[in-house]
Amino acid sequence: MVTTNTTAQSARTNNGARPTPVQYAHIVGWGMAVPETVMTNDDLSAIVETSDEWIRTRTGIRERRIASDHESTATLGLKAAQHALEVADVLPAEVELVICATSTPEHIFPSAASLIQAWLGANNAGAFDLSAACSGFVYGVNIAAQAIRSGSIRTALVVGSETMSRVLDWSDRSTCILFGDGAGAVVLKASDVDGGVLSAVLRSDGTGGDLLGIPTVGSLDIEGVTEISNGHKFGKMHMNGGEVFKFATRVIGDSLTQAAQQAGITLADIKLIVPHQANARILHAAARNLKISDALFMSNVERYGNTSSASIPIALCEAVQQGRIQPNDYIAFVGFGGGLTWAAMVVQWGSPQVTAGTSNFINRQRRQLSYRLAAWRRTLLRASRSIGSSFARLRPEHGRMDRLKHKAEQHPFE
Ligand code: UT7
């Protein structure tokens, strides 16, 4: 039976235009993790020719966090995910899908999502990384929500995690001053209660791919080179800031308006917009274009800089902590970045039953046990695989395989 939320329904006008989902997808948990090390604008001015004044006035950023040698995209993502599971009071075994939106994974594969899945002990989940740069978190939430709304899964974890400091060109003052490291995560759960993720607009324009990017191992002719043919450094970010700025201010307004229309509401119904945190001036220009107050945009770029796919879930966590989102509120996410990609989404906040800190004591112990078991399982499986392969080498057929391999090397066409 579908329980109708009357407050929500009254504000929505074209609800009938979209098929009623099998179940609604609500955000029921949220968490964030940032490295301890703070890098201020003054610290940066010792590295490149810049100043606190220039960075603050052009971007609104005062400081950002930088990952230590022991931190990575997956470890930060894991911490954020654990906080989100705690708030949601969900056990790792209940999670059926783990998506990690990131541009800075440790490996091309295994995905950061698979590492997080294993470390959590989320043994009933599929996992993959999602590459849509700073729009990735909104893309990920939409995929998870669609899986829930179709009835194919009940619980999903979406992480946005980045170690941007590892892909920055620290000699390029036009980019290295902008970015920081961190992670955020949400848990989505099926519910009969109307609301949750109401709409999503996902867009891409690959013709702008050269405006913002990080060339990696699939680039042509990379062996032994530090620069690829168009002058971009291998593994380092490059950006045309002015063009990205213009693109961002345009798509924020367009996509938010479309997402609101799709959800059957107007922008005036939205209580808070949680945008990708790139530059305070971008948000100011977008607010001016939309003729809405700057205060409608959640902003914490001042303290974390641009954390790419992590910036929206980190800002969401802080908005909840600050009491800026209440049950039944309409909120919107909007992301934009490399690809070029952009994405906007309207969510009706519908988790009155969940508030941080109220999570069930027994379940908390079970989650801790799951994390410990996951670590033991990993150690045991690795040990048994290595013992297994040592034994395999002693078997007679192994010697035969070695002889065949040797023969094949000597006579490759036989
Ligand atoms: O996640 C999405 C990804 N990226 C973005 O959203 C970034 C979008 N773009 C921006 O935020 C802005 O374009 C920037 C902050 C990157 C640059 O601001 P701007 O107002 O567009 O500056 P500009 O590139 O037009 O540069 C103005 C001047 C230049 O000097 P000249 O040529 O006028 O003498 C730059 O060389 O500022 C200079 N400059 C700097 N000066 C001090 C550029 N970077 C710096 C710096 N410190 N860090």
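In this predicted model, the largest share of the shell around the ligand comes from helix H8, which contributes four residues. Helix H8 spans residues 241-263, and together with helix H3 (52-59), helix H7 (173-176) and helix H9 (280-290) it belongs to a set of helices that each supply at least two residues of that shell. In all, 22 residues surround the ligand, and those that come nearest are Thr50, Arg58, His276, Asn279 and Asn306. By residue type, the shell divides into ten nonpolar, eight polar and four charged residues.

Several contacts to nitrogen atoms of the ligand can be followed one by one. A polar side-chain atom of Thr50, itself among the nearest residues, is placed 2.7 Å from a nitrogen atom of the ligand, while a polar side-chain atom of Trp54 is found 3.4 Å from a ligand nitrogen atom. Gly241 takes part through its backbone, with an N or O atom of the main chain lying 3.0 Å from a nitrogen atom of the ligand. Of the 940 Å² of accessible area that the ligand has on its own, the protein covers 70%.

Turning from the ligand to the strands, one open sheet is built from five strands in the order E1-E7-E6-E4-E5, with mixed pairing. Its edges are formed by strand E1 (24-33) and strand E5 (126-130), each of which pairs on one side only, and neighbouring strands of this sheet are turned against each other by 20° on average, with direction ignored. Within the sheet, strand E4 (residues 97-101) and strand E6 (residues 155-163) run parallel and are joined by five bridges; here Cys100 stands opposite Val159 of E6. Helix H6 (residues 136-149) packs on this sheet, where it touches E1, E4, E5, E6 and strand E7 (181-191), and the direction of the helix makes about 15° with that of E7.

A further open sheet consists of four strands in the order E8-E13-E12-E11, again with mixed pairing. Strand E8 (196-204) and strand E11 (270-275) are the edge strands, each pairing on one side only, and the average turn between neighbouring strands of this sheet is 15°, direction ignored. Strand E12 (residues 330-337) and strand E13 (residues 341-348) run antiparallel and are connected by eight bridges, and in this pairing Val334 has Ala344 of E13 as its bridge partner. Helix H6 packs on this sheet as well, touching E8, E12 and E13, with a direction that makes about 130° with that of E8.

Key. Residues numbered from 1 in each chain as written. Predicted model: local features only at pLDDT ≥ 70, side-chain atom pairs only at ≥ 80, totals over all residues. Heavy atoms only, no water. Pairing = 2+ DSSP bridges. Axes fitted to C-alpha atoms, helices over the stretch in contact; angles between N-to-C directions. Contact = heavy atoms within 4.5 Å. Near = heavy atom within 4 Å. Polar contact = N/O pair within 3.5 Å; in protein donor to acceptor, adjacent residues only side chain to side chain. Areas by Shrake-Rupley, 256 points an atom, 1.4 Å probe, with all protein chains shown as cover. Nonpolar A, V, L, I, M, F, W, Y, C, P; charged D, E, K, R; others polar.
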